[in-house]
Amino acid sequence: MFETCIAGSLPKPGWLAETNKLWPQWMAGGAELEQAKRDATLLAIKEQEDAGLDIVGDGEQARQHFVHGFVERVGGIDFEHKVKMGIRDNRYEAMVPQVVAPLTLAGRVHAMEAQLARAHTKKTLKFTLPGPMTIVDTVADRYYGDKVKLAFAFAELLNREALALQADGVDIVQFDEPAFNVYMKDAADWGVAALERAAQGLTCRTAVHICYGYGIQANIAWKQTLGEQWRQYEQVFPALAKSRIDQVSLECYHSHVPAELMALLEGKDVMVGVIDVASEQVETPEEVADTIGRALQFVPRQHLFPCTNCGLAPMPRAVALAKLEALARGAALARQRYA
């Protein structure tokens with residue numbers, strides 16, 4: 001009961017990449033960088049285990065960014081001539097690669113991290129991939145000319161990697177779709193369908209992570225414009241409830257999301273965000289347990305998985321690790337309270 005996990009990313013060590021950045025530069029290159037990525041992946045697993053988490057992942061240590069870590073291995077995309085583009089409905093600008101030809105995938109993308117993680121933990125293993133709709137919102141399309149066609153083209157490639165991850169021994173494949181909280185009508189109209197295409201044929205557990213973004217200033221400023229109630233989930237949760245996706249990860253703690261919206265996910269596992277990624281204040285176990293208690297009004301205990309609101313990548317490592325420990329201790333307290 002109350003199995004704990006993180007949304008996906010952890011801060012990278014300073015010897016691997018720049019710290020406190022969402023798009024960090026690597027500190028090495030070539031074979032040295034590849035070894036550093038392996039070392040950091042093992043360290044991330046060990047730190048999650050030591051913190052007491054029940055479900056662990058690779059911490060996305062081998063990826064510069066949660067989207068581009070996959071996209072950089074896709075053919076038909078020009079990374080040499082990036083362009084500045086507004087993403088997440090122009091919430092902020094980023095330098096993004098351009099789609100210039102049919103999308104292809106020559107081989108594996110995350111075999112190293114998944115196989116390394118599986119070989120070094122006996123815990124439930126989750127692995128994250130970007131969702132097709134969010135990828136479309138993080139690249140410049142110069143070829144397909146249609147967002148839906150582009151999303152399904154990415155979904156086919158994501159599906160190939162997801163099936164391979166399952167074969168590697170991954171227990172949960174999660175797709176990250178923050179764009180679902182920005183383009184709500186599109187998410188319901190075709191985003192969930194593209195997500196299901198990405199998960200087609202998987203027999204392991206599947207998940208989708210929908211948040212209000214990393215704790216960077218652009219996202220914090222955006223949240224301040226959303227009013228007293230954040231009801232974005234209300235438009236996409238019914239479509240997800242009807243989908244074949246098993247688990248939904250959502251933002252809860254220190255958000256203005258009405259807790260009753262979780263009831264729209266009846267029948268699904270709900271990864272309830274009980275750790276704030278936009279603040280360096282470390283939650284107490286009591287605060288975590290209190291948030292779990294509020295969620296229990298709308299989510300059956302067997303379906304409730306305490307999680308972080310989003311990834312922890314841009315955060316100081318020491319703070320992130322303290323938050324992992326708070327997550328585990330808070331869930332343990334909640335088991336005592338609500339058993």
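**Note on strand 6 and the helix 9/helix 10 contact**

1. Both faces of strand 6 are covered, with Ile172, Gln174 and Asp176 on one side and Val173 and Phe175 on the other, all of them buried. The model under discussion is a predicted one, and the points below should be read with that in mind.

2. Five of the five residues of strand 6, which spans residues 172-176, are buried, so this strand is largely enclosed by the rest of the structure. The cut-off behind the word buried is a relative accessible area under 20%.

3. As for the neighbours of strand 6 in the sheet pairing, strand 4 (residues 124-130) runs parallel to strand 6 and is joined to it by five bridges; within this pairing, Pro130 has Asp176 of strand 6 as its bridge partner. Strand 7 (residues 205-210) is likewise parallel to strand 6, to which five bridges connect it, and here Ile172 is partnered by Arg205 of strand 7.

4. Turning to the helices, the axes of helix 9 (residues 285-295) and helix 10 (residues 317-338) come within 7 Å of each other and cross at roughly 55°. Helix 9 and helix 10 are therefore oblique to each other, and their crossing is right-handed.

5. On the helix 9 side, the contact is made by Pro285, Glu286, Val288, Ala289, Asp290, Ile292 and Gly293, which meet Ala326, Leu327, Arg329, Gly330, Ala331, Leu333, Ala334, Arg337 and Tyr338 in helix 10. The residues of this contact divide into 10 nonpolar, two polar and four charged.

Notes. Residues numbered from 1 in each chain as written. Predicted model: local features only at pLDDT ≥ 70, side-chain atom pairs only at ≥ 80, totals over all residues. Heavy atoms only, no water. Axes fitted to C-alpha atoms, helices over the stretch in contact; angles between N-to-C directions. Helix = DSSP H or I, 4+ residues; strand = E, 2+ residues; numbered from the N terminus. Parallel < 35°, antiparallel > 145°, perpendicular 65-115°, else oblique. Left-handed = near helix turned anticlockwise from the far one by under 90°. Contact = heavy atoms within 4.5 Å. Nonpolar A, V, L, I, M, F, W, Y, C, P; charged D, E, K, R; others polar. Buried < 20%, exposed > 50% of the residue type's maximum accessible area, 1.4 Å probe, protein only. Pairing = 2+ DSSP bridges.
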